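Here are my notes on this one, written so you can follow along with the structure open. Have a look first, then work through the points in order.

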Amino acid sequence: MAAADGLGSIAIDTTQLNMSVTDPTAWATAMNNLGMVPVGLAGQQLVTDSICVPGFDPSLSMMTGITPINPMIPGMGLVPPPPPTDVPVVKEIIHCKSCTLFPPNPNLPPPSTRERPPGCKTVFVGGLPENATEEIIQEVFEQCGDITAIRKSKKNFCHIRFAEEFMVDKAIYLSGYRMRLGSSTDKKDSGRLHVDFAQARDDFYEWECKQRMLAREERHRRKMEEDRLRPPSPPAIMHYSEHEAALLAEKLKDDSKFSEAITVLLTWIERGEVNRRSANQFYSMVQSANSHVRRLMNEKAAHEQEMEQAKESFKNALTGILTQFEQIVAVFNASTRQKAWDHFSKAQRKNIDIWRKHSEELRNAHSEQLMGIRREEEMEMSDDDSGDNPSKKLRVDDSALAAQAYALKEENDSLRWQLDAYRNEVELLKQEKGQLFRTEESLTKDQQLQFLQQTMQGMQQQLLSIQEELNNKKSELEQAKEEQTHTQAMLKVLQEQLKSAKELAEINGHDESQANEINVLTVALVNQDREKNSEKRSPGLKSEKEALLIGIISTFLHVHPFGANIEYLWSYMQQLDSRISANEIEMLLMRLPRMFKQEFTGVGATLEKRWKFCAFEGIKTI
């Protein structure tokens, strides 16, 4: 059986080969099969020289501080490939001081084990001899590793907890061995061991602590990586003071430092640094910021002029390229004429034709692009003529008249801002003296109150309309219930009349014609009641198809004065429309009781339902 090693991933199958040993070294042989060092025994080397590192000194780590290399660790390239599965695993007899372990029958299947719990360091050992003591158990299993605790039961089993997880795999290897104490043949001195994984709370708790520690280390590593990749924070903005405000005003006048200074000014205003004392200073800084508008507009005009020049140069270059394309296409066209075309070979003609088509496509594409540019220029010229675009008017800033008008406008704006500031101060003084009776809060409260009143009125109107709809629905429901009760009563009366009429007919011996008259009378009463109800609830025609069907059915039934059953009528309609069904025809006839009526003819097994056209009878009665 191959058990996975949790720490070193030691595979048992890697060295479980047939090895000839003597009895004094049987325990070392068993440990060699596991690929682990037998503790406290001096025997032959566990791993062959072909597996070990050539010339490896185990004491090297003690002198140099280098971690010793385990040749069995996977990934080191030192472990040979596992042996084939058809090689039998040989377990040897293990001799201890107080007992002897005999291996199980190699032909038997390997002992089963449960699923390994996470962080398992405890094993269950069953099948112990009755006379086995803790000292004997420790003597056997301490060869697998350091034992931290042994919990023995009175029922021939115990739990052993090791110091490391990989020691559990070594103990599992002993499952299936028969244990005999000394040389006794007593039944109480022998037993077959069964070693399996055990689920212990302490093991699971240590495993969880280890996982949490690894998760903390991973979070710390990710945090360090995020901190390393995080962009640097923007520089802190200083607090407002008169000295800093004076320095900022100088920076606002400098074009190179304007972007940095305007950010500081915006932060101060958002922080609420503007008050009565600093209002004039902030106003001067805002005015300085406004002075950069002209500079920005001039820069924009310069960039637009550069863009126009670039467009013009691009258009000229495109025109030159298009001229060269025209010349190339002319060369190809000249080559395809008969004077030169007859002298080229077939392959040459094919290549020339391909080149000509490609050049014509490129020429047409460049020509369309150039025409698009010219159309855009014509549209811009029409916009300039109309004078509706204000961005074009800004280009005349170089003239003295435009500069003077802009300066007057700027001065007017500054005076208006000063006037607004004085008005605000006057309003603040009025509020302090108590001359302002209604504040802005009262106005907002009045507006909110009016809005709530309007909302309440709307909700009341909606409630009234809903109540009216509810009353209408209730009245309709009551009418429907009354109609239902009336219909049920009529049906009961008709059923009683029908029964009594049949009984009289049987007693008096009336013929078949009288029974037909009774059926006709009954159907007429039912149809009459159905007509009354259908007049109230019958919907109109839904489509043009239904109107066409009613016309055809009316004509068919009119020429059949004695009526026709639904199958006969459906077979006739199938010739006109194969998709129509008999159920659809019957539902349509039942929806129009004033045009079509249903009658029963015959008695007993010959009873048959027939539909008749009765629209003209309703007209005569009217």
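1. Let's begin with the sheet. This is a predicted model, and in it four strands make up an open sheet, lined up in the order 1-2-6-7 with antiparallel pairing. Strand 1 (94-95) and strand 7 (190-192) sit at the edges, so to speak: each of them pairs on one side only. If you're new to sheets, strands pair through backbone hydrogen bonds, either parallel or antiparallel.

2. Now zoom in on one pairing. Strand 6 covers residues 178-181 and runs antiparallel to strand 7, with three bridges joining the two. Which residue of strand 7 is the bridge partner of R180? That's S190.

3. Stepping back to the whole chain, you'll find 19 helices and ten strands. The protein chain has 622 residues, and 25% of them count as buried. About 43900 Å² is exposed, and carbon and sulfur atoms supply 56% of that area. Looking at contacts with a separation of 6 or more, 63% are between residues 24 or more positions apart.

4. Next, a record to compare with the model. The UniProt annotation, from an unreviewed entry, marks residues 286-313 and 405-497 as "coiled-coil region". What does the model show over residues 286-313? The chain there is 96% helix and 0% strand, and the C-alpha atoms at its two ends are 41 Å apart.

5. On to the aromatic rings: the count is eight aromatic pairs. One of them is F556 with Y568, an edge-to-face pair with 5.3 Å from centre to centre and 70 degrees between the planes. F556 belongs to helix 16 (residues 544-558) and Y568 to helix 17 (residues 566-576), so this pair ties together parts that are twelve residues apart in sequence.

6. Are the two rings' residues buried or exposed? F556 is buried, at 7% relative accessible area, while Y568 counts as partly exposed, at 42%. Elsewhere, Y240, W268 and F282 form one aromatic cluster.

7. Last, the cysteines. How many disulfides does the count give? It comes to zero. As a reminder, a disulfide is a covalent bond between the sulfur atoms of two cysteines. For two cysteines you can look up yourself, C209 counts as partly exposed at 26% relative accessibility, whereas C614 is buried with a relative accessible area of 7%. The cut-off used here for buried is under 20%, so C614 falls in the buried group at 7%.

Definitions and conventions
Residues numbered from 1 in each chain as written. Predicted model: local features only at pLDDT ≥ 70, side-chain atom pairs only at ≥ 80, totals over all residues. Heavy atoms only, no water. Buried < 20%, exposed > 50% of the residue type's maximum accessible area, 1.4 Å probe, protein only. Contact = heavy atoms within 4.5 Å. Areas by Shrake-Rupley, 256 points an atom, 1.4 Å probe, with all protein chains shown as cover. Pairing = 2+ DSSP bridges. UniProt positions renumbered as here; feature names shortened; annotations may be inferred. Disulfide = S-S within 2.5 Å. Phe/Tyr/Trp six-rings, centres within 6.5 Å; stacked < 30°, edge-to-face > 60°.
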